[in-house]
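Colleague: I have the model open and would like to go through the fold and the ligand site with you. Could you start with whatever I need in order to read the helix packing?

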Amino acid sequence: MNDVIERILVTEEEIITRSKELGAAITQDYRSAGITPVVVGLLKGSVPFLAEIMKHIDLDIEIDFMDVSSYDGAESVGDVKINKDLDKSVKGESILLVEDIVDTGRTLKEVKKLLLYKGAAEVKIVSLLDKPSRRVIEIQADYVGFEIPNEFVVGYGLDYDQKYRNLPYIGVLKPQVYENR
Ligand code: IMP
């Protein structure tokens, strides 16, 4: 195990197994509705999960990416700033947003609002992780990989200070890593 990790919460095998289940459910739901979604990943945290789950979505999907950040840091309220917008128009499209984690819910609420404002027909959300105890905004992902307790996690796309995104599992960071800053 990487020496900055206190313990592993979700292993790589568990993520792959769950991604297969979610991919199958997504395929079935969209197929029965006769819809082909555009799969939109939020940079950078969604990248490993998007790369995994897209292999298990058996539909003619397109993928696109968006990079957003909150105006005033993590605890801010209100609009998000678009650092990178989507390549194509979302007008009339059904969007499946891919996120690493739903925490307070602020990011997803704003991105969903923005995509609907830009003319998306519908916006659904698939998130690898969900921390329901931290929710400030009432928003629920349509598909969730794992519910986790209120702990700061890294790996599989999630970072601390832009690092540890490449760990192949979800782990709790050792407190020394914060304290040594
Ligand atoms: P929200 O807008 O509060 O739901 O925040 C979502 C974003 O906060 C995620 O996309 C992550 O980038 C970040 N985040 C929330 N919790 C964690 C965590 O435990 N580890 C790493 N990043 C986190």
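Modeller: For the packing, contact means heavy atoms within 4.5 Å, and angles run from 0 to 180 degrees between N-to-C directions, with axes that are lines fitted to C-alpha atoms. Please keep in mind that this is a predicted model. With that in place, helix α1, residues 12–33, lies across β5, β6 and β7, and runs at about 160° to β7.

Colleague: And which strands does α3 lie across?

Modeller: Helix α3, which covers residues 106–117, lies across β2, β3, β4, β5 and β6, and its direction is at about 165° to that of β5.

Colleague: OK, the sheet itself then: what's the strand order, and is it open or closed?

Modeller: The sheet is open and has six strands, arranged in the order β4-β3-β2-β5-β6-β7 with mixed pairing. Its edge strands are β4, at 80–84, and β7, at 143–147, each of which pairs on one side only. On average, neighbouring strands in this sheet are turned by 30° against each other, if direction is ignored.

Colleague: How do β5 and β6 pair, parallel or antiparallel?

Modeller: Strand β5 (residues 94–102) pairs with strand β6 (residues 122–130) in the parallel sense, over eight bridges. Within that pair, L97 stands opposite I125 of β6.

Colleague: Switching to the ligand: how many residues surround it, and which are closest?

Modeller: There are 14 residues around the ligand, and the closest are D100, T104, G105, T107 and V153. By class, the shell divides into seven charged, four nonpolar and three polar residues.

Colleague: Which element gives the most to that shell?

Modeller: That is β5, with three residues; β5 and α3 each supply at least two residues of the shell.

Colleague: What about polar contacts, any distances I can look at?

Modeller: A ligand oxygen is 2.9 Å from an N or O atom in the side chain of D100, and an oxygen atom of the ligand is 3.1 Å from an N or O atom in the side chain of E99. For R106 the partner is a polar backbone atom, at 3.5 Å from an oxygen of the ligand. Taken alone, the ligand exposes 500 Å², of which the protein buries 82%.

Colleague: Last topic, backbone geometry: where is there a cis peptide bond?

Modeller: The peptide bond from L43 to K44 is cis, its omega being near 0°, and K44 is placed in the loop between β2 and α2.

Colleague: And what is the phi of D161?

Modeller: D161 has a positive phi of about 55°, although it is not a glycine, and D161 lies in the loop between β8 and β9.

How values were computed: Residues numbered from 1 in each chain as written. Predicted model: local features only at pLDDT ≥ 70, side-chain atom pairs only at ≥ 80, totals over all residues. Heavy atoms only, no water. Pairing = 2+ DSSP bridges. Helix = DSSP H or I, 4+ residues; strand = E, 2+ residues; numbered from the N terminus. Near = heavy atom within 4 Å. Polar contact = N/O pair within 3.5 Å; in protein donor to acceptor, adjacent residues only side chain to side chain. Areas by Shrake-Rupley, 256 points an atom, 1.4 Å probe, with all protein chains shown as cover. Nonpolar A, V, L, I, M, F, W, Y, C, P; charged D, E, K, R; others polar.
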